[in-house]
Amino acid sequence: HKRGKTKMKPAVLAGKSVSCSRKVILLLDLDCFYAQCETVRLGLDPALPVALLQWNSALAVNYPARALGIKRGDSFDEIASKGEGKCTALHLPVMTAATCDSTATKEKGIEEDEIYAEECDGKTSLEEAYNVEYRLSKTVREAEFQRERNRRRFPSEGKASLERYRLASSR
């Protein structure tokens with residue numbers, strides 16, 4: 001096939017010959033992505049039902065939680081009721097004025113300039129910021145899971161942040 005002056009070779013897709021073009025548009029929808037990120041970050045069993053909340057509303061619900069009847073938009077109380085104690089509710093990270101101080105980072109054993117590059121001093125590389133969030137020791141993962149598991153958060157605590165998930169999607 002010819003397109004302009006460039007001769008294009010046909011590609012084979014599902015056993016059928018199709019013409020190739022120079023431009024490709026890819027739409028990739030990662031269903032329940034934020035819930036999957038937390039499962040990986042905290043080293044959780046993929047079969048564990050997880051609902052990731054922003055304040056009092058489920059933002060991402062993984063497939064095991066969906067099997068319990070939990071859906072996006074469900075409240076904290078609805079998740080507890082529908083999940084009958086089987087679904088873990090986790091909240092988006094909450095950024096407070098203290099997030100960039102040494103208290104938050106010392107809990108993870110990290111220097112101040114290594115966490116949340118955008119919110120702090122901006123000196124951290126993407127890879128370093130990713131490692132701070134996703135390459136946690138087993139002890140830190142377990143401690144964070146216990147601290148955040150089924151903890152209800154409120155807007156008065158600060159700003160919900162998607163930075164952790166931007167890091168995951170940029171790799």
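This report describes the fold, sheet, cores and aromatic pairs of a predicted model.

## Overall composition

The chain has 171 residues, of which 37% count as buried. Its secondary structure comprises seven helices and nine strands. Among contacts between residues at least 6 apart in sequence, 57% join residues at least 24 apart.

The exposed surface of the chain amounts to about 10,800 Å². Carbon and sulfur atoms supply 53% of that area.

## The three-stranded sheet

An open sheet is formed by three strands in the order 6-5-7, with mixed pairing. Strand 6 and strand 7 stand at the edges and have a single partner strand each, so one side of each lacks a neighbour in the sheet. From one strand to the next, the twist averages 40 degrees.

Strand 5 pairs with strand 7 in the parallel sense, over four bridges. Within this pairing, A51 has A89 of strand 7 as its bridge partner, and L53 has H91 of strand 7. On the other side of the order, strand 5 and strand 6 pair in the antiparallel sense, also over four bridges. There, L52 stands opposite A60 of strand 6. The hairpin of strand 5 and strand 6 has two residues between the strands, and W55 in this hairpin takes a positive phi near 60 degrees.

Four of the five residues of strand 5 are buried, so this strand is largely enclosed by the rest of the structure.

## Helix 1 and its surroundings

Helix 1 packs on the sheet and touches strand 5, strand 6 and strand 7. The direction of helix 1 makes about 115 degrees with that of strand 5. Helix 1 is followed by G43, which has a positive phi near 65 degrees.

The buried residues of helix 1 are F33, A35, C37, E38, T39 and R41. The cover over these buried residues includes the three strands 5, 6 and 7, together with helix 5, helix 6 (138–148) and helix 7.

## Nonpolar cores

The largest nonpolar core contains 22 residues. Those with the most contacts inside this core are C37, L44, L52, L90, L92, Y134 and Y165. Two or more residues each come from helix 1 (33–41), strand 5 (50–54), strand 6 (57–61), helix 5 (126–134) and helix 7 (163–169). A second core, separate from the largest, has 10 residues, including L53, A65, I79 and C87.

Two core residues named above also appear in the description of the sheet. L52, one of the residues with the most contacts in the largest core, is the residue opposite A60. L53 belongs to the second core and is the bridge partner of H91.

## Aromatic pairs and the surroundings of Y134

The structure holds three aromatic pairs. In one of them, the ring centres of Y130 and Y134 are 4.8 Å apart and the ring planes lie at 15 degrees; since planes under 30 degrees apart count as stacked, the pair is stacked. Y130 and Y134 are four residues apart in helix 5 and are thus separated by about one helical turn. Both residues are buried: Y130 has a relative accessible area of 11%, and Y134 has a relative accessibility of 7%.

Leaving aside residues up to four places away in sequence, Y134 touches C37, R41, R164, Y165 and A168. Among these contacts, C37 and R41 are buried residues of helix 1. Y165 also takes part in an aromatic cluster with F33 and Y34.

## The loop before strand 7

K86 is found in the loop between helix 3 (76–83) and strand 7 (88–91). With residues up to four places away in sequence left out, K86 touches L48, P49 and L68. The C-alpha atoms of K86 and P49 are 6.8 Å apart in space, although the two residues are 37 apart in sequence.

Note on methods
Residues numbered from 1 in each chain as written. Predicted model: local features only at pLDDT ≥ 70, side-chain atom pairs only at ≥ 80, totals over all residues. Heavy atoms only, no water. Core = buried A, V, L, I, M, F, W, Y, C linked by side-chain atoms within 4.5 Å. Buried < 20%, exposed > 50% of the residue type's maximum accessible area, 1.4 Å probe, protein only. Contact = heavy atoms within 4.5 Å. Areas by Shrake-Rupley, 256 points an atom, 1.4 Å probe, with all protein chains shown as cover. Pairing = 2+ DSSP bridges. Axes fitted to C-alpha atoms, helices over the stretch in contact; angles between N-to-C directions. Phe/Tyr/Trp six-rings, centres within 6.5 Å; stacked < 30°, edge-to-face > 60°.
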